[in-house]
Amino acid sequence: MTTQHESPAPDSLTVLTGMYEAESRYLAAGGPGRATFDLLAPYFAPDVVMHQARALPYGGTWRGHDGMTRFFLAMSRTWESFEIGEQEFLATGETAVVHSQVHARARATGRELAFPVLQTIAVRGGRIAEVRPFYWDTAAIVAATTP
């Protein structure tokens with residue numbers, strides 16, 4: 001329950017759409033290594049956890065704002081471009097599912113790949129607390145990104 005001086009936390013859909021808009025500003029400002037994570041930080045809990053499939057070049061568990069900064073740097077080393085196209089959102093309470101269509105070009109090989117990603121996202125206290133992306137074909141991503 002909120003008191004007279006507190007406002008309720010934004011719902012998960014509001015948090016996600018705000019984060020994707022901030023991510024666009026972050027990338028437009030130069031992205032990893034050039035832009036500051038401060039553009040994205042308000043949308044992620046300080047103890048956020050992202051679980052990436054271990055087979056991916058940027059696989060593993062990334063924790064906190066520092067981990068997210070390192071994750072974006074690892075993504076940038078892997079992909080020359082990573083464009084998120086059409087997205088569908090399903091959000092109920094603190095849980096959201098985002099289905100995105102991605103078109104990417106691997107930095108090491110120049111190969112282009114189009115694939116869907118489904119993410120489950122937990123939002124707590126108005127911030128993203130946990131992210132679990134599920135890729136359609138991790139083997140195709142590894143093949144495209146490996147010289």
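**Notebook: charged pairs and overall fold**

I began with aspartate 66, which comes out as exposed at a relative accessible area of 52%; the cut-off for that word is over 50%. I keep in mind throughout that the model is predicted.

**Entry 1, the pair in helix H2.** I next asked which residue the side chain of aspartate 66 meets in a salt bridge. The partner is arginine 70, and the N to O distance for this pair is 3.2 Å. I looked up where the two residues sit, and both belong to helix H2, which covers residues 64–78, with a spacing of four residues, or about one turn of the helix. For arginine 70 I noted a relative accessibility of 42%, which places this residue in the partly exposed class, whereas aspartate 66 is exposed.

**Entry 2, across to strand E1.** From aspartate 66 I turned to proline 46, whose C-alpha atom lies 9.0 Å from that of aspartate 66, although 20 residues separate the two along the chain. Proline 46 belongs to strand E1, residues 44–52, and I recorded this proline as exposed, with a relative accessible area of 55%. When I set aside the neighbours within four places in sequence, the contacts of proline 46 were Gly64, His65 and Arg127.

**Entry 3, the other charged pairs.** How many salt bridges does the structure hold? I find four in the structure, and I wrote out two further ones in detail. In one of them arginine 105 pairs with glutamate 112, and the closest N and O atoms of the pair are 3.3 Å apart. Both partners are partly exposed: I have 27% relative accessible area for arginine 105 and 46% relative accessibility for glutamate 112.

In the other, the side chain of arginine 132 meets that of glutamate 130 at 3.2 Å, N to O. Here too I listed both residues as partly exposed, arginine 132 at 35% relative accessibility and glutamate 130 at 22% relative accessible area; the value for glutamate 130 still counts as partly exposed because buried means under 20%. I then checked for shared partners, and found that salt bridges with partners in common join Glu80, Arg105 and Glu112 into one network.

**Entry 4, the fold as a whole.** I counted three helices and six strands in the protein, and from the N terminus on I read the order of the elements as α-β-β-α-β-β-β-β-α. The radius of gyration is 16 Å, close to the 15 Å that the globule rule gives for 147 residues, so I note the protein as being as compact as a globular protein of that length. Along the principal axes, the C-alpha atoms fill a box that I recorded as roughly 60 × 30 × 25 Å.

**Entry 5, contacts, surface and charge.** I looked at the contacts between residues at least 6 apart in sequence, and 47% of these join residues at least 24 apart. What share of the 147 residues counts as buried? The figure I obtained is 39%. The protein exposes about 8,200 Å², and I noted that carbon and sulfur atoms supply 53% of that area. Last, I compared where the charges sit, and the mean position of the 12 positive charges is 10 Å from that of the 15 negative ones.

Definitions and conventions:
Residues are numbered from 1 along each chain as its sequence is written. This is a predicted model: local features need pLDDT of at least 70, side-chain atom pairs count only at pLDDT 80 or more; totals for chains, interfaces and linings use all residues. Side-chain values use heavy atoms; hydrogens and water are left out. Buried means under 20% relative accessible area, exposed over 50%, partly exposed in between (1.4 Å probe, protein chains only). The radius of gyration is taken over C-alpha atoms; the globule rule is 2.2 Å times the number of residues to the power 0.38. Contact means heavy atoms within 4.5 Å. Accessible areas come from the Shrake-Rupley method with a 1.4 Å probe; for residues, only the protein chains shown count as cover. Lys and Arg count as positive and Asp and Glu as negative; His and the chain ends are not counted. The place of a charge is taken as NZ of Lys, CZ of Arg, CG of Asp or CD of Glu.
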